Amino acid sequence: MVLFRGDVKCKSLQRRTSISVILPSDNIHFLQDTEEIVPQPYKTLYLLHGLYGSDDIFLANTSIQKFAEDNGIAIVIPCGENSFYVDNEKAHAYYGEYVGQELLDITRNIFPLSDKREDTYIAGFSMGGYGAIRNGLKYSQNFSKIGMISAALITDDIVNYTDDSNVLRSRQFYESIFGDLNKLKGSDMDPKALIENTSDIPDIFMACGEGDFLFDKNMDFYEFLNSKDVNGKFIKAQGEHTWEFCDKYIKEFIKTLI
């Protein structure tokens, strides 16, 4: 396994931004005197972190590096800040465009990653789960599978929020991200509207703990998928909004890719 961490110059964000890249190469077992060669170009998962996170947070809180090595898949983790991975025109911070297209172009130019849709996937935890479904659908020509772990599917609710000092409940914070909340429903930031308007929907994998404060929102979205005959899988399991849950079920998603 090879781990790269560094900065890339990003047109969508008009600045440099950090990324972490896990490659399943150099899989050498010195004690056994064996070496496993993963064919190039690599299948690739673009993995999105949650609120308050950065590109190194999965490396610190999960065992995903070893799992990627064992299963022969590359993983690219961008830094999404607190953007919800949507396009903020006023700030010229087009995070949706970045993770949906430009990041693929950048990393494929640097690393031996497959450019085939069937080898390219997007997933995320919490805010990243929302970013995965939003951009996996908006850029559905690029991704064949979407993984949502404890996804922050909050767009139906935040229009009713009021001012609050806690960013999770702050209407002002969400207005700074999504713009006019009264125009959110039916827009390209509304996952249900994107389902309605996407012709080639990637396969969708969902997992959420029954003790998670986001469980009802995930259950509602899965029922919506069923009502639209969308190919989706939802794992309901014991657990809360924790890294332990994320670690377990992001691996379950990766198992569907190999």
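Author: Welcome! A helix here is a DSSP run of H or I with at least four residues, and helices are numbered from the N terminus. Just after helix 2, Gly-72 takes a positive phi of about 65°. Please keep in mind that this is a predicted model.

Reader: Thanks! Which residues of helix 2 are called buried?

Author: They are Ile-64, Phe-67, Ala-68 and Glu-69. The word buried is used for a relative accessible area under 20%.

Reader: What does helix 2 touch in the sheet?

Author: Let me start with the sheet itself. Its 8 strands follow the order 1-2-6-5-9-10-11-12, the sheet is open, and the pairing is mixed. Its edges are strand 1 (2-10) and strand 12 (232-237), each of which pairs on one side only. On average, neighbouring strands are turned by 20° against each other, direction ignored. Helix 2 (residues 64-71) packs on this sheet and touches strand 1, strand 2, strand 5 and strand 6, with its direction at about 55° to that of strand 2.

Reader: How do you know that strand 9 and strand 10 are paired?

Author: Two strands pair if DSSP finds at least two bridges between them. Strand 9 (residues 120-125) and strand 10 (residues 145-149) run parallel and are joined by 5 bridges, so by that rule they pair. Within this pair, Phe-125 has Ile-149 of strand 10 as its bridge partner.

Reader: Where is the kink in helix 3, and what is its angle?

Author: The kink in helix 3 (residues 95-110) is centred on Glu-102 and amounts to about 45°. Glu-102 is also among the buried residues of this helix, which include Tyr-95, Leu-103 and Ile-106. Helix 3 lies across strand 1, strand 2, strand 5, strand 6 and strand 9, and runs at about 120° to strand 1.

Reader: How do you know that the length of helix 8 agrees with what a helix should span?

Author: Helix 8 (residues 243-255) has 13 residues, which at 1.5 Å a residue should span 18 Å. Its end C-alpha atoms are 18 Å apart, so the two values agree.

Reader: Why is Cys-246 in helix 8 called buried or exposed?

Author: Cys-246 has a relative accessible area of 1%. The limit for buried is under 20%, so Cys-246 counts as buried. Others on the buried list of helix 8 include Phe-245, Tyr-249 and Phe-253.

Reader: How many disulfides does the whole structure have?

Author: The search finds 0 disulfides. Cys-10, for one, is in none, and its nearest cysteine sulfur, in Cys-79, is 11 Å away. To count, the two sulfur atoms must be within 2.5 Å. For Cys-246, the closest cysteine sulfur is that of Cys-208, at 11 Å, which is too far for a bond. Cys-10 is buried as well, because its relative accessible area is 2%.

Reader: What makes the phi of Glu-81 worth a look?

Author: Its phi is near 50°, a positive value in a residue other than glycine. Glu-81 sits in the loop between strand 6 and strand 7 (87-88). With 38% relative accessibility, Glu-81 is called partly exposed, because that term covers values between 20% and 50%.

Reader: Why is Ser-150 called buried or exposed?

Author: Ser-150 has 0% relative accessibility, so it counts as buried. Ser-150 also has a positive phi, about 50°, although it is not a glycine. You will find Ser-150 in the loop between strand 10 and helix 5 (171-178).

How values were computed:
Residues numbered from 1 in each chain as written. Predicted model: local features only at pLDDT ≥ 70, side-chain atom pairs only at ≥ 80, totals over all residues. Heavy atoms only, no water. Bend = angle between axes of the 7 residues up to and from the residue. Helix = DSSP H or I, 4+ residues; strand = E, 2+ residues; numbered from the N terminus. Buried < 20%, exposed > 50% of the residue type's maximum accessible area, 1.4 Å probe, protein only. Axes fitted to C-alpha atoms, helices over the stretch in contact; angles between N-to-C directions. Contact = heavy atoms within 4.5 Å. Expected span 1.5 Å × (residues − 1).
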